[in-house]
Amino acid sequence: MFSKDHLEGWNEYLATNSLKFTRVVLESPDSPTPTSRPLRTATLSLDDAKVLGTGNHSKVYLAPLWLPETMSATGAVSVACKLACDAYESTHSAKSHLSNEAAMFSAFPRSLQENWTGLHAAKPDQRPEFMPAVVPKFYGYYKPSTDSSAGPMPVDLARSIKRLSPILLMEHCGTNITQSGSYPLTEAHKKACLSLFVRLHAAGFVQESPFPRNVTVQPGPLSLPPAARRMQTPSFRIIDFGRGQHMDLETETWKILGFEESHSSFDVAAQNEEEYVRSYICNDW
Ligand SMILES: Nc1ncnc2c1ncn2[C@@H]1O[C@H](COP(=O)(O)OP(=O)(O)OP(=O)(O)O)[C@@H](O)[C@H]1O
Ligand SMILES: [Mg+2]
C-alpha cells in the first residue's frame, strides 16, 4: 500500500523532496513506433485526494495531476489513481493484481477506450448506435523510483520507497452501480452493460470479475459537454482488470493469463462471463 507508515521517520526529508515515480511502458498494439522524447514530469498530489472506492486489493483515489505546461493549458486534471492494498491474505498479492491490470490496460485497443467510434451494431441488440467507451482511458503505470535530485538517498529510505505500491492512473468513470444505491437499472441499462462485456470479448479480453462493484455509472452521454450530461442518460463502464485475461484472436495465443489455473478456450471463458453478467449484473440484486 502507498502509505506514509512505510516512510515514517523521513518527514524532514519528504518535506523538501517529493517522491518520484517512473512510468513503466508496456507494449501496446496501438502504440506508434517509440521515439526518444525528453523526460516529462507531472505532479500528482495525494494529500487532499478523495477516496473513490476500496476493493479487496486496492484503494482508488480521485486526485489532481499537474501536467507539464506543454501538455495542458488548464493546470490540474482529475485522475483516478489505483494503489495496491491487501485487505486480507490472498493467494495473489495486491501488487500482482495491479501489475496484471497494467498489462491489460496496455493491451486494450484505443477503440475500447474511446467514447465515440462511429456507428456500431453491437450484440445483443444489433441496432446501429453510437458506442460509448468500454473501459477507462489509461494514463500509465508508475513505479516508485529512488533517483533523487537531492543527491544520494539514505539506504533505509530507498528500501522503504521500494516497498510502496506502484500507481495506476486512469480516467474517473463515476461511481460503481452498487455504490449509487437504489440506482434502478432499466432493461435498456442492463443491455448497455451486457453490450460492454460483449464488445470487450470481441476484442479478445475477459475481465474475470463481472460483478456490479466492477461496473461504474456516470451522467451521460459523454459526447455532450459535462454540464449537459444527465443521470437519465447514463454512461456505464467496466473497471477492475486485476484478474483479466487476453488472447490475441488472430493467432489464438494467450497474451495475458491473469490468475486462471487452467485455461479453457477463449470462447468458453467469454461465454461464461456473459452468463455471469446476465445473472449478477442484469438481474436485480
Ligand atoms: N476508474 C474509476 N472511476 C471511478 N471509480 C473507480 C475507478 N476504478 C475504481 N473505482 C472505485 O474503486 C473501487 C475499487 O476498485 P477496483 O474494483 O478496481 O479494486 P479491486 O481491489 O481490484 O476490487 P475487487 O474487490 O473487485 O477485487 C471500485 O469498486 C470503484 O468504486
Ligand atoms: Mg473491484
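Sorted by class, the residues in the shell around ligand 1 come out as 7 nonpolar, 15 polar and 4 charged. This is a predicted model, and the ligand makes a handy way into it. The shell counts 26 residues, and those that come nearest to ligand 1 are Gly53, Gly55, Asn56, Val60 and Asp240. Three elements give two or more residues to this shell, namely β3 (50–54), β4 (58–66) and β5 (76–84). The largest share, 3 residues, is the contribution of β3. Ligand 1 lies between two domains, because domain 1 (4–110 + 137–170) and domain 2 (175–281) both give residues to its shell.

Asp240, one of the residues that come nearest to ligand 1, deserves a second look. It is found in the loop between β13 and β14 (245–248). Although Asp240 is not a glycine, its phi is positive, at about 70°. Asp240 also counts as buried, because it has 28 C-beta neighbours inside 10 Å, and 20 are enough for that label.

Stepping back to the protein as a whole, there are 6 helices and 15 strands. Of the 285 residues, 31% are buried. Among contacts with a separation of 6 or more, 68% are between residues 24 or more positions apart.

What sits in the middle of the largest nonpolar core? This core has 48 residues, and Cys81, Cys193, Leu196 and Ile238 are those with the most contacts inside it. Both domains take part, with at least three residues drawn from each of domain 1 (4–110 + 137–170) and domain 2 (175–281). Leu196 is in contact with Val134, Phe236 and Ile238, once its neighbours within four places in sequence are left aside.

Leu196 also belongs to the buried residues of helix α5, together with Ala192, Cys193, Leu194, Ser195, Phe197, Arg199, Leu200 and His201. Helix α5 takes in residues 187–202, 16 residues in total, and reaches 22 Å from its first C-alpha to its last, close to the 22 Å expected at 1.5 Å a residue. The cover over its buried residues includes both helices and strands: α3 (110–113), β11 (205–206), β12 (215–220), β13 (230–238) and α6 (266–281). Just after α5 comes Gly204, with a positive phi of about 95°.

Helix α2 makes a good companion piece. It is largely enclosed by the rest of the structure, since 10 of its 14 residues are buried. Those buried residues are Ala94, His97, Leu98, Asn100, Glu101, Ala102, Met104, Phe105, Ser106 and Ala107. The end C-alpha atoms of α2 are 20 Å apart, which agrees with the 20 Å that its 14 residues should span at 1.5 Å a residue.

Within α2 (residues 94–107), Met104 offers a link to a far-off part of the sequence. Met104 counts as buried because it has 25 C-beta neighbours inside 10 Å. Its C-alpha atom is separated by 6.8 Å from that of Gly244, even though the two residues are 140 apart along the chain. Not counting residues up to four places away in sequence, Met104 touches Phe205, Phe241, Gly244, His246 and Ile256.

A few local details round out the picture. The peptide bond from Gly220 to Pro221 is cis, with omega near -10°, and Pro221 is in the loop between β12 and β13. Like Asp240, which has a positive phi without being a glycine, Glu252 is not a glycine and yet has a positive phi, here of about 55°. Glu252 lies in the loop between β14 and β15 (253–256). Is Glu252 buried or exposed? It counts as exposed, because it has 10 C-beta neighbours inside 10 Å.

His120, in strand β6 (residues 119–120), falls in between. It is partly exposed, because 14 other C-beta atoms lie within 10 Å. The C-alpha atoms of His120 and Phe130 are separated by 6.5 Å, with the two residues 10 apart along the chain. Residues up to four places away in sequence aside, His120 touches Pro128, Glu129 and Met131.

Definitions and conventions: Residues are numbered from 1 along each chain as its sequence is written. Chains are lettered from A and ligands numbered from 1 in the order in which they are written. This is a predicted model: local features need pLDDT of at least 70, side-chain atom pairs count only at pLDDT 80 or more; totals for chains, interfaces and linings use all residues. A residue is near a molecule or strand if its C-beta atom, placed from the backbone, lies within 6 Å of it. Helices (H or I, at least four residues) and strands (E, at least two) are DSSP runs, numbered from the N terminus. Ala, Val, Leu, Ile, Met, Phe, Trp, Tyr, Cys and Pro count as nonpolar, Asp, Glu, Lys and Arg as charged, and the others, Gly among them, as polar. Domain bounds come from an automatic or database domain assignment. A nonpolar core is a set of buried Ala, Val, Leu, Ile, Met, Phe, Trp, Tyr and Cys residues joined through C-beta atoms within 7 Å. A residue is buried if 20 or more other C-beta atoms lie within 10 Å of its own, exposed if 12 or fewer, and partly exposed in between; C-beta atoms are placed from the backbone. Two residues are in contact if their C-beta atoms, placed from the backbone, lie within 7 Å. The expected span of a helix is 1.5 Å times one less than its number of residues.
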